[in-house]
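Work through the exercises below with the structure open. Each task is followed by a solution in steps.

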Amino acid sequence: MKVAAILAEKGSEVVTVGPDATLIEVAGVLDQKRIGAVIVTASSGGVLGVLSERDITREMARKGASALDAKTSDCMTKDVVTVGPEASLDELMSCMTQRRVRHLPVMSGGELMGIVSIGDVVKRKIAMAEAEAEAMRSYITTG
């Protein structure tokens with residue numbers, strides 16, 4: 001399965017925030033949308049970084065409650081790892097494991113096409129394993 005198929009199935013909506021949003025504002029967005037990360041974009045739409053629940057938690061551990069007033073640009077992951085729409089499920093898993101990230105923006109031709117999370121990957125892997133097991137059961141019972 002390719003990233004393009006995952007986006008076709010789940011949708012390509014990406015929640016973005018500006019670099020001047022505060023962590024408390026982003027935490028509210030994460031809660032409201034029931035997601036684990038947002039993409040930080042410039043006014044031109046370019047990707048500047050990724051801010052996750054983990055980033056917010058780390059900042060709070062360092063600075064306490066005052067961290068919630070920090071700007072997103074000060075706490076986001078700036079070295080953004082991206083994938084293209086042709087990346088496979090195995091490539092996603094490898095990238096997420098090696099880079100220790102849970103969210104990968106999907107880019108094509110410099111455009112943000114969507115985002116894939118570890119939950120998306122696990123969901124598809126489970127579905128593939130179940131389909132394979134069912135095919136084996138069917139083969140055994142009809143063979």
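**Exercise 1. Pairing around E2**

Task: In this predicted model, determine how strand E1 (residues 16-17) is joined to E2, then follow the pairing on to strand E3 (residues 47-52).

Solution.
- Step 1. Take E1 and E2. Two bridges join them, and the strands run parallel.
- Step 2. Fix the register. Thr-16 has Ile-39 as its bridge partner in E2.
- Step 3. Trace the connection. E1, helix H2 (residues 23-33) and E2 form a β-α-β unit, and it is right-handed.
- Step 4. Turn to E3. Five bridges link E2 and E3, this time in the antiparallel sense. Val-40 is opposite Gly-49 of E3.
- Step 5. Inspect the link. E2 and E3 make a hairpin with five residues between them. In its turn, Gly-45 has a positive phi of about 100°.
- Step 6. Assemble the sheet. It is open, has three strands in the order E1-E2-E3, and its pairing is mixed. E1 and E3 are at the edges with a single partner strand each, so each has one side without a neighbour in the sheet.

**Exercise 2. The faces of E2**

Task: Why can strand E2 (residues 37-41) be called largely enclosed by the rest of the structure?

Solution.
- Step 1. Apply the cut-off. Buried means under 20% relative accessible area.
- Step 2. Count. Five of the five residues of E2 are buried, so the strand is largely enclosed by the rest of the structure.
- Step 3. Recall the geometry. Side chains in a regular strand alternate between the two faces of the sheet.
- Step 4. Sort by face. Ala-37, Ile-39 and Thr-41 are on one side, Val-38 and Val-40 on the other. All are buried, and both faces of E2 are covered.

**Exercise 3. Two sides of H2**

Task: Which residues of H2 are buried, and what do they pack against?

Solution.
- Step 1. List them. Leu-23, Val-26 and Leu-30 are the buried residues of H2.
- Step 2. Check their directions. They span an arc of only 60° around the axis, so they are on the same side of H2.
- Step 3. Look at the other side. Asp-31 and Gln-32 are exposed there.
- Step 4. Find the packing partners. The buried residues pack against E1, E2, E3, H3 and H4.
- Step 5. Set the orientation. H2 lies across E1, E2 and E3 and runs at about 130° to E2.

**Exercise 4. The buried face of H3**

Task: Where around the axis of helix H3 do its buried residues fall, and what covers them?

Solution.
- Step 1. Identify the residues of H3 (residues 53-63) that are buried: Asp-55, Ile-56 and Glu-59.
- Step 2. View down the axis. The buried residues of H3 fall within an arc of 100°, so they line one face of the helix.
- Step 3. Check the face turned away. Thr-57 and Ala-61 are exposed there.
- Step 4. Name the cover. It includes H2, E3 and helix H4 (72-75).
- Step 5. Step past the helix. Gly-64 comes just after H3 and has a positive phi of about 75°.

**Exercise 5. Positive phi outside glycine**

Task: What are the phi value of Arg-34 and that of Arg-100, and where does each residue lie?

Solution.
- Step 1. Start with Arg-34. Its phi is positive, near 55°, and the residue is not a glycine.
- Step 2. Place Arg-34. It is in the loop between H2 and E2. Arg-34 is exposed, with a relative accessible area of 77%.
- Step 3. Go to Arg-100. Its phi is about 55°, positive although it is not a glycine.
- Step 4. Place Arg-100. It is in the loop between helix H5 (89-99) and strand E4 (103-108). Its relative accessible area is 67%, so Arg-100 is exposed.

**Exercise 6. Two residues of H6**

Task: Is Arg-124 buried or exposed, and how does Ile-126 fare on the same scale?

Solution.
- Step 1. Locate Arg-124. It belongs to helix H6 (residues 118-142).
- Step 2. Read its accessibility. The relative accessible area is 4%, so Arg-124 is buried.
- Step 3. Look for contacts beyond four places in sequence. Arg-124 touches Met-1, Ile-6, Glu-9, Lys-10 and Leu-89.
- Step 4. Move to Ile-126, also placed in helix H6. Ile-126 is partly exposed, with a relative accessible area of 45%.
- Step 5. Relate Ile-126 to Glu-9. They are 117 residues apart along the chain, and their C-alpha atoms are separated by 15 Å.

How values were computed
Residues are numbered from 1 along each chain as its sequence is written. This is a predicted model: local features need pLDDT of at least 70, side-chain atom pairs count only at pLDDT 80 or more; totals for chains, interfaces and linings use all residues. Side-chain values use heavy atoms; hydrogens and water are left out. Helices (H or I, at least four residues) and strands (E, at least two) are DSSP runs, numbered from the N terminus. Buried means under 20% relative accessible area, exposed over 50%, partly exposed in between (1.4 Å probe, protein chains only). Contact means heavy atoms within 4.5 Å. Two strands pair if DSSP finds at least two bridges between them. A crossover is right-handed if, with the strands pointing away from the viewer, the path from the first strand over the helix to the second runs clockwise. Axes are lines fitted to C-alpha atoms, for helices over the stretch in contact, and angles run from 0 to 180 degrees between N-to-C directions. The arc is that of the directions from the helix axis to the C-beta atoms.
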